[in-house]
Amino acid sequence: MRDAYHEELDSLTDKLVEMTRLVRSAISRATTALLDSDLQLAESVISRDEEVNAIFADIESSIFELMARQQPVAVDLRMVITALRMGTDLERMGDLAVHVAKVARLRHPESAIPAEVRSTIVEMGQIAENLITKTGSCIASRDVDSALELEQDDDAMDRLHRRLFRNILSKDWEHGVEPAIDITLIGRYYERYADHAVRVAADVVYLVTGSRPS
């Protein structure tokens, strides 16, 4: 009975890692759709978000059943609590990738990204992918040191986010209000995506150590 119980706990980790894989793919494809004005790719990001939602629903169901049947304590209780928190953040990351894809769809066949901010969006997409890849590794390995590094990794995303605002507010900005709003929203989506990755990493630290990073 206890072996089956711990298999269920291990299954939560597997499902969370699978969610990181899916939301990494989603932000990668959403970024490409945005930069290339690829309507088909944008639609695929939007439609496949149901896969992320389904895994999260499965995690929720498993956790509620474990709580009711097994009444976990100590480390096991931390596992189910953090799994729920991680799943919530990862599900939100999938939603943020969808938001990026919806901007690409809205502006199709035109590009939502003016030339002067294109390189910044490319970098934001790369950082987002790197963050979630590292997050997935941290969940699988419970590597506290790597989890703590994500806070510093997120600083690069924050710098790019500020750079976008400087571009929009520059006197040389000549694209008008609508593109400025698009870029403001897109920058926010990437910045929030990174923040959720950092929160998941903080939960890994809590799971292993019993305390949260300062």
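## Helices, annotated spans and the main pocket

Residues 121-203 are 89% helix and 0% strand, and the C-alpha atoms at the two ends of this span lie 28 Å apart. This is a predicted model. The span is one of two that UniProt, in an unreviewed entry, marks as "domain: PhoU"; the other covers residues 16-103. The table sets out both spans.

| Span | Helix | Strand | Distance between end C-alpha atoms |
|---|---|---|---|
| Residues 16-103 | 94% | 0% | 27 Å |
| Residues 121-203 | 89% | 0% | 28 Å |

Confidence comes next. The mean pLDDT of the protein is 93, and 99% of the residues score at least 70. Helix H4 (residues 115-141) has the highest confidence, at a mean of 97, while helix H1 (residues 2-36) has the lowest, at 91.

Helix H5 (residues 144-169) packs against helix H6 (residues 177-209) with the axes 9 Å apart and an angle of about 170°. An angle over 145 degrees counts as roughly antiparallel, and H5 and H6 are therefore roughly antiparallel to each other. Their contact involves 18 nonpolar, 4 polar and 6 charged residues.

H5 and H6 also appear in the lining of the largest pocket, as the elements that each give two or more residues to it. The volume of this pocket is about 180 Å³. Its lining consists of Arg85, Ala147, Leu148, Leu150, Glu151, Val198, Arg199, Ala201, Ala202, Arg212, Pro213 and Ser214. By class, the lining residues are 7 nonpolar, 1 polar and 4 charged.

Methods. Residues are numbered from 1 along each chain as its sequence is written. This is a predicted model: local features need pLDDT of at least 70, side-chain atom pairs count only at pLDDT 80 or more; totals for chains, interfaces and linings use all residues. Side-chain values use heavy atoms; hydrogens and water are left out. pLDDT is the predictor's confidence in each residue, from 0 to 100. Helices (H or I, at least four residues) and strands (E, at least two) are DSSP runs, numbered from the N terminus. Axes are lines fitted to C-alpha atoms, for helices over the stretch in contact, and angles run from 0 to 180 degrees between N-to-C directions. Angles under 35 degrees count as roughly parallel, over 145 as roughly antiparallel, 65 to 115 as roughly perpendicular and the rest as oblique. Ala, Val, Leu, Ile, Met, Phe, Trp, Tyr, Cys and Pro count as nonpolar, Asp, Glu, Lys and Arg as charged, and the others, Gly among them, as polar. On a 1 Å grid over the protein atoms alone, a cavity is a set of points where a 1.4 Å probe fits but cannot get out, and a pocket is an open set with protein on both sides within 12 Å along at least five of seven lines; lining residues have an atom within 4 Å of a point. Grid points are joined across faces, edges and corners, and a volume is the space filled by probe spheres set on the points. UniProt positions are given in the numbering used here, feature names are shortened, and annotations may be inferred rather than shown by experiment.
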